[in-house]
Amino acid sequence: MVKQNHLLIFILTVGVFGILNTEMGVIGLLPSIADHFNVSVSQAGLLVSIFALGVAVSGPILPLLFSGMNRKKAMLLVLGIFVLGNIVSLFATNFTILLISRIIPAFFHPIYCSLAFTVAASSVSKEEAPKAVSKVFIGVSAGMVAGVPIASFIESAVSYEMAMAFFAIVNAIVFIATLIFVPSMPVEERLSYGTQLSVLKKPIIWLSIMTVILLNSAVFGVYSYLAEYLKTVTNMAPNTISLTLFIFGGANIIGNIVAGKLLTHSATKSVVSFPLLLSAVYIILFFAGQFAVPVAIITLIWGILAGGIMANINQYLIASSAPEAPDFANGLFISSCNVGTTLGATVGGIFISEMGTQYVVFVGILSLILGLITILLRNYMFTPRQQLSR
């Protein structure tokens, strides 16, 4: 039974990696996609922002609608759609087809991710649930950041087409593993739609959603264009860009571990300190962006802070606001993150078009200032004890 649980959690972790990798992996390919389809880099950025918008729209809705479906069947459905979408992306002959092939899977993204957290938690004892969910979060982090340098490396070492095929291969492997090794999981007991939706009456949930949107915008408004920034501002070679993206990815996973431990000891301080430190990092990046070695060091620190914010801190903000409806809270968390990604990537594209690539850092700084205001307001209005009761 223990081995079965370990295998299940491993499959879920790789599955979440495949889903998030499809969403975020194209970030490292944006300059090549722009060249391949003869569009601007800011237009290519629509592949990130439109996908994220699809996830944001469906995040609170589809996990609710699919909450009564056998969980194995729901996961296979989503994985199958992602495999097909990835194959169409690989053979897309124009930019419009590429966009459509990413929009359709985007709507199904929240179903798999929400189920992955729920299934991981329910597969072990109540005491072990946080640990199981944190393992799945490694897949989230790896998909969000490690997929970017992996895809970028495959592209520079082999080809653009092989980098796109990588997304399809990962999802196909997880589909087969789920089909063979994951047991049937019919839903025995579920909360009514009304019970889950009632959490939206709480003011803290809306303040938390706003905070998560701003914090994710702060990270992805800059990170979405990191490959372009390193190419045009820092003048890095393609292989060095891949290495720098790997540094960010590895640091992100470290950030997850660090933030997870800090949140258990002092949640309020951690939620404030991470965005404050990230603001300082962005200011340094703006002034030192032309120098490769400082940028590499800054990227390491940035990755640690961004890793803690994107998963642990954002999830804590939403989960602590609606502990009575964890499935719905997962959907809101995923949706809020993706609204933030859409906002950040869109505004980042505007800054690049109007002012130049170097000024994309301002998107992060402005988002963090607004995010810190909502965090302080949230902390002022609600103590941790009140968050659990209201």
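Is T13 buried or exposed? In this predicted model, T13 is buried, with a relative accessible area of 14%, where buried means under 20% relative accessible area, exposed over 50% and partly exposed in between, as computed with a 1.4 Å probe on protein chains only. Residues are numbered from 1 along each chain as its sequence is written, and side-chain values use heavy atoms, with hydrogens and water left out. Because the model is predicted, local features need pLDDT of at least 70 and side-chain atom pairs count only at pLDDT 80 or more, whereas totals for chains, interfaces and linings use all residues.

T13 is found in helix α1, helices being DSSP runs of H or I with at least four residues, numbered from the N terminus. The side chain of T13 reaches the backbone oxygen of I9 at 2.7 Å, a polar contact being a pair of N or O atoms within 3.5 Å, of which, within protein, one must be able to donate a hydrogen and the other to accept it, while residues adjacent in sequence count only if both atoms are side-chain atoms. When neighbours within four places in sequence are left aside, T13 is in contact with K135, V136, I138 and G139, contact meaning heavy atoms within 4.5 Å.

Helix α1 also takes part in a pocket. The second largest pocket has a volume of about 400 Å³, and, of the 17 residues that line this pocket, L8, S122, S123, P183 and M185 are the closest to its centre. Two or more lining residues are given by each of α1 (2–24) and α7 (95–122), with α1 giving the most, at 4 residues. A pocket is defined on a 1 Å grid over the protein atoms alone, as an open set of points where a 1.4 Å probe fits, with protein on both sides within 12 Å along at least five of seven lines, and lining residues have an atom within 4 Å of a point. Grid points are joined across faces, edges and corners, and the volume is the space filled by probe spheres set on the points.

M185 appears again among the contacts of M75, a residue that lies in helix α6 (residues 71–90) and is buried, with a relative accessible area of 1%. Beyond the neighbours within four places in sequence, M75 is in contact with L12, Y112, L115, V182 and M185. The C-alpha atoms of M75 and G15 are 9.2 Å apart in space, although these residues are 60 residues apart in sequence.

Helix α7 has 28 residues and reaches 41 Å from its first C-alpha to its last, close to the 40 Å expected at 1.5 Å a residue, the expected span being 1.5 Å times one less than the number of residues. At the start of α7, a side-chain oxygen of N94 comes to within 3.0 Å of the backbone nitrogen of T96. The helix bends by about 35 degrees at F108, with a proline, P110, following within four residues; the bend at a residue is the angle between axes fitted to the seven residues ending there and the seven starting there. For helix α9 (residues 160–181), the 22 residues should span 32 Å, and the end C-alpha atoms are 32 Å apart, which agrees. Buried residues of α9 include F166, F167 and N171.

A further set of contacts links helices α13 and α15 through T244 and T299. T244 is found in helix α13 (residues 238–265) and counts as buried at 2% relative accessibility, while a polar atom of its side chain lies 2.8 Å from the backbone oxygen of T240. Not counting residues up to four places away in sequence, T244 touches L230, M236 and T299. T299, in helix α15, is likewise buried, with a relative accessible area of 1%, and, with neighbours within four places left aside, is in contact with T244, I247 and F248. The C-alpha atoms of T299 and F248 are separated by 5.8 Å, with their positions 51 residues apart along the chain counted as their separation. Helix α15 (residues 292–319) has 28 residues that should span 40 Å, and its end C-alpha atoms are 39 Å apart, which agrees, although a kink of about 40 degrees is centred on I309.Two loop residues complete the description. N38, in the loop between α2 (30–36) and α3 (41–44), has a positive phi of about 55 degrees although it is not a glycine, and counts as exposed at 72% relative accessibility. N235, placed in the loop between α12 (226–232) and α13, has a positive phi of about 60 degrees, again without being a glycine, and is exposed, with a relative accessible area of 61%.
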